[in-house]
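Biologist: I should like to request a close look at a single part of this model, followed by an account of the other features that help to place it in context. Please proceed residue by residue where that is useful.

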Amino acid sequence: MSAIYIPSNGNHHRGAALDKVANRRPDSRHGKSIAILGGRGMLGSDLAPALAAAGHQVHAWDLPECDITRTAQMEKALDGAEIVVNCAAFTNVDGAEDHPESAEAVNARAVAHLAAAARRRNMLVVHISTDFVFDGQGTRPWREDDPPRPLSVYGRTKIAGEQALRQSGCQYLTMRVQWSYGGHGANFIAKILERARAGAPLKIVDDQVGAPTWTRDMSRAIVQLLDRQCTGLYHFANAGYSSRFDVARFVMDHCKLPNPLIPCRTGEFPARAARPLNSRFELSRIQAVLDYPIRSWQEALAEYLDEQISK
């Protein structure tokens with residue numbers, strides 16, 4: 001059974017619509033029936049209540065009742081829905097190198113089947129992708145029209161999924177995100193806190209640059225993109241960027257944790273999959289749609305950490 005989220009009775013603020021933005025039609029305030037695949041994961045857990053609060057009827061599907069590589073199960077999850085949000089993915093970057101068929105099945109072939117089903121049903125597909133589609137070279141932020149050059153099996157399968165969606169002819173909205181963290185699931189911020197609380201020094205890479213991005217902020221952006229009936233490809237991250245080492249230092253300082261931090265290079269950590277060193281995103285396309293300024297990674301992360309401390 002899927003989890004069903006009932007819209008709240010509280011007021012939901014929607015700001016004034018922008019009149020001239022590419023890839024959007026006039027604002028629609030009619031609540032939709034939305035299916036979330038991977039709905040109990042890190043993003044899905046924040047997205048479901050955000051969509052419900054915006055007046056939508058939300059069904060969150062996940063393993064074991066919905067394996068998106070099983071087409072019949074996936075199609076059953078789409079019954080009655082007007083929009084499907086695909087948060088399901090094979091995200092174990094190193095594991096994908098050892099199990100490329102599994103990564104391909106989830107990140108590419110299942111997305112192609114989803115796109116075909118959505119086209120038959122005249123549904124919008126919202127698909128979540130990643131900064132790993134780029135090779136991480138250079139220092140300028142990545143734009144949506146930059147050519148993908150993935151370094152890993154994970155990145156190659158994610159761009160294959162994007163391409164299958166685009167080529168299917170269905171209505172789609174792809175949002176690439178980076179350095180995700182949230183209250184559900186493993187992530188960089190959670191690992192820092194776990195290791196710091198164990199009392200050991202932390203060795204953190206200082207040559208990977210990007211923006212830690214809260215799934216709650218991603219969810220707010222998705223709600224607005226749907227409100228504006230946007231389609232196409234967008235990059236989203238919290239504003240600004242920093243090295244992973246400086247992010248770790250921010251976490252340690254904010255939480256008043258005393259562990260020593262030791263900077264190192266990515267090459268000092270042998271890993272099955274290569275990581276992009278430059279994950280910066282150009283955010284002007286999505287910022288032109290949103291009716292609020294994208295907040296800095298520091299502001300979002302501070303709020304998240306305060307919530308974790310108060311638990």
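Where is the place of Trp179?

Modeller: The model is a predicted one. In it, Trp179 sits in the loop between strand E6 (171–177) and strand E7 (180–181). Its backbone deserves attention: although Trp179 is not a glycine, its phi is positive, at about 45 degrees. Most residues other than glycine have a negative phi, and most peptide bonds are trans. With a relative accessible area of 10%, Trp179 is buried.

A second residue invites comparison. Lys256, also a residue other than glycine, has a positive phi near 55 degrees. Lys256 belongs to the loop between H8 and strand E13 (261–264). Because its relative accessibility is 73%, Lys256 counts as exposed, whereas Trp179 is buried.

The peptide bonds offer a further backbone feature. Leu63 and Pro64 are joined by a cis peptide bond, with omega at about 5 degrees. Pro64 lies in the loop between E3 and H2.

That loop also takes part in a salt bridge. The side chains of Glu65 and Arg40 meet at 2.9 Å, N to O. Glu65 lies in the loop between strand E3 (57–61) and H2, and Arg40 in the loop between strand E2 (33–37) and helix H1 (42–53), so this pair ties together parts that are 25 residues apart in sequence. Both side chains have some access to the surface: Glu65 counts as partly exposed at 21% relative accessibility, and Arg40 counts as partly exposed at 38%.

Side chains of opposite charge can pair when their charged atoms come close. The count of salt bridges in the model comes to 23. Another of them joins Arg295 and Asp217, at 2.8 Å from N to O. Arg295 is in the loop between helix H9 (284–287) and helix H10 (297–310), while Asp217 is in helix H7 (residues 215–227), so the pair ties together parts that are 78 residues apart in sequence. Arg295 and Asp217 are both buried. Arg295 also forms a salt bridge with Glu299, where the closest N and O atoms are 3.9 Å apart. Glu299 is partly exposed, with a relative accessible area of 47%. Through shared partners, salt bridges join Arg216, Asp217, Arg295, Glu299, Glu303 and Glu307 into one network.

Helix H7, which holds Asp217, also packs against H1. The axes of H1 and H7 come within 8 Å and cross at roughly 45 degrees; the two helices are therefore oblique to each other. H1 passes H7 in a right-handed crossing. On the H1 side the contact is made by Met42, Leu43, Asp46, Leu47, Ala50 and Leu51, and on the H7 side by Thr215, Arg216, Met218, Ser219, Ile222, Val223 and Leu226. By class, this contact has 9 nonpolar, 2 polar and 2 charged residues. Arg216 thus appears both in this contact and in the salt-bridge network.

Helix H8, which precedes the loop of Lys256, packs with helix H6. The angle between H6 (residues 188–197) and H8 (residues 244–255) is about 55 degrees, and their axes are 11 Å apart. That makes H6 oblique to H8, and their crossing is right-handed. From H6, Phe188, Ile189, Ile192, Leu193 and Ala196 meet Arg244, Val247, Ala248, Val251, Met252 and Cys255 of H8. The residues of this contact divide into 10 nonpolar, no polar and 1 charged.

Helix H2, which follows the loop of Pro64, packs with H4. H2 (residues 71–78) and H4 (residues 100–121) meet at an angle of about 40 degrees, with their axes 10 Å apart. These two helices are therefore oblique to each other, and their crossing is right-handed. Thr71, Met74, Glu75 and Leu78 of H2 make the contact with Ala110, His113, Leu114, Ala117, Arg120 and Arg121 of H4. Here the division is 5 nonpolar, 2 polar and 3 charged.

One further lysine remains. Lys158 lies in helix H5 (residues 153–167) and, at 2% relative accessibility, counts as buried, whereas Lys256 counts as exposed. Leaving aside residues up to four places away in sequence, Lys158 touches Ala89, Asn107, His127, Ile128, Ser129, Thr130 and Val133. Of these, Thr130 is 28 residues from Lys158 in sequence and 7.3 Å from it in space, C-alpha to C-alpha.

Methods
Residues are numbered from 1 along each chain as its sequence is written. This is a predicted model: local features need pLDDT of at least 70, side-chain atom pairs count only at pLDDT 80 or more; totals for chains, interfaces and linings use all residues. Side-chain values use heavy atoms; hydrogens and water are left out. Axes are lines fitted to C-alpha atoms, for helices over the stretch in contact, and angles run from 0 to 180 degrees between N-to-C directions. Helices (H or I, at least four residues) and strands (E, at least two) are DSSP runs, numbered from the N terminus. Angles under 35 degrees count as roughly parallel, over 145 as roughly antiparallel, 65 to 115 as roughly perpendicular and the rest as oblique. A crossing is left-handed if the near helix is turned anticlockwise from the far one by less than a right angle, and right-handed if clockwise. Contact means heavy atoms within 4.5 Å. Ala, Val, Leu, Ile, Met, Phe, Trp, Tyr, Cys and Pro count as nonpolar, Asp, Glu, Lys and Arg as charged, and the others, Gly among them, as polar. Buried means under 20% relative accessible area, exposed over 50%, partly exposed in between (1.4 Å probe, protein chains only). A salt bridge is a side-chain nitrogen of Lys or Arg within 4 Å of a carboxyl oxygen of Asp or Glu.
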